Amino acid sequence: MEEKELQQLVEGISRSSFKKDFRHRALFNPRLRTTGGRYMLGSHNIEMNPAQLELFGKEEFIKIIKHELCHYHLHLEGKGYRHQDRDFKKLLEEVGGSRYCKMIPGARRQSGKRHIYVCAGCRAEYVRKRQINVKRFVCGRCKGRLKKTKTFFRENID
Ligand SMILES: [Zn+2]
Ligand SMILES: [Zn+2]
């Protein structure tokens, strides 16, 4: 399937199952390793894993698109768009989306947590999945000391 077809497929499902237009972009992202799809809170785009289509077929693929469209429409309407929200659960059931994205065999799920450090010398920023021992590690550019600034959770929704 080409990206143009994916875009048309998502627009079509949005119209037929949600009675609403999908006004953003649907893209393939081969780097999505563990999940079938993802809704991007910042850009409002939907990214789909091409492996999902190959592994589980079109029917399952469409259920995942519906899942992502639930995030999409609820988020844009200011309703509960997260998995644990009532609005999300209700809409998902109505349109028959998949509750979970099927895991890609052999793929490990990553935590969305990120740690951010800033160099006290040159202000370079380091984003790491794991915590750094700041007593042992220094800035790669200037050998300055690193200081932890914050921890955040990945913003996008699977
Ligand atoms: Zn530095
Ligand atoms: Zn989801």
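This is a short talk on two zinc sites and one helix pair in a protein structure.

Hi everyone, and thanks for coming. Please keep in mind throughout that this is a predicted model.

Let's begin with the zinc ion called ligand 2. Which residues coordinate it? Three histidines and an aspartate do: H67, H71 and H83, each through NE2, and D158 through its O atom, at 1.8 to 2.0 Å. If you follow the chain, these donors are spaced as H-x3-H-x11-H-x74-D. Now look at where two of them sit. H71 is in helix α2, residues 50–76, while D158 is in the segment after β6, so this pair ties together parts that are 87 residues apart in sequence. Are they buried or exposed? Both H71 and D158 are buried. As for the geometry, the four donor atoms subtend angles of 98 to 131° around the zinc ion (ligand 2), and that makes the arrangement tetrahedral. For comparison, the ideal angle for four tetrahedral donors is 109.5 degrees.

Let's stay with α2 for a moment. Helix α2 packs against helix α3, residues 86–95, at an angle of about 135°, and their axes are 10 Å apart. That angle makes α2 oblique to α3. The crossing of the two helices is right-handed. Which residues meet there? From α2 we have K66, H67, C70, H71 and L74, and from α3 we have D87, F88, L91, L92 and V95. You may recognise H67 and H71 from the zinc site we just visited.

Now over to the zinc ion called ligand 1. Its protein donors are the SG atoms of four cysteines, C119, C122, C139 and C142, lying 2.3 to 2.4 Å from the ion. Their spacing along the chain reads C-x2-C-x16-C-x2-C. C122 belongs to the loop between β4 and β5, and C142 to the loop between β5 and β6, so the pair ties together parts that are 20 residues apart in sequence. The angles here run from 98 to 118°, which again makes the arrangement tetrahedral.

How accessible are these two cysteines? C122 is partly exposed, with a relative accessible area of 26%, and C142 is partly exposed too, at 35%.

One last stop is K143, in the loop between β5 and β6. With 62% relative accessibility, K143 counts as exposed, because the cut-off for that is over 50%. How far is K143 from C119 in space? Their C-alpha atoms are 8.6 Å apart, although 24 residues separate them in sequence.

Thank you all for listening!

Terms used:
Residues are numbered from 1 along each chain as its sequence is written. Chains are lettered from A and ligands numbered from 1 in the order in which they are written. This is a predicted model: local features need pLDDT of at least 70, side-chain atom pairs count only at pLDDT 80 or more; totals for chains, interfaces and linings use all residues. Side-chain values use heavy atoms; hydrogens and water are left out. Donors are N, O and S atoms within 2.8 Å of the metal (3.2 Å for Na, K and Ca); water is not among the atoms, so sites may look incomplete. Four donors count as tetrahedral if all angles lie between 85 and 135 degrees; four count as square planar and six as octahedral if opposite donors are over 155 degrees apart and all others between 65 and 115; anything else is irregular. Helices (H or I, at least four residues) and strands (E, at least two) are DSSP runs, numbered from the N terminus. Buried means under 20% relative accessible area, exposed over 50%, partly exposed in between (1.4 Å probe, protein chains only). Axes are lines fitted to C-alpha atoms, for helices over the stretch in contact, and angles run from 0 to 180 degrees between N-to-C directions. Angles under 35 degrees count as roughly parallel, over 145 as roughly antiparallel, 65 to 115 as roughly perpendicular and the rest as oblique. A crossing is left-handed if the near helix is turned anticlockwise from the far one by less than a right angle, and right-handed if clockwise. Contact means heavy atoms within 4.5 Å.
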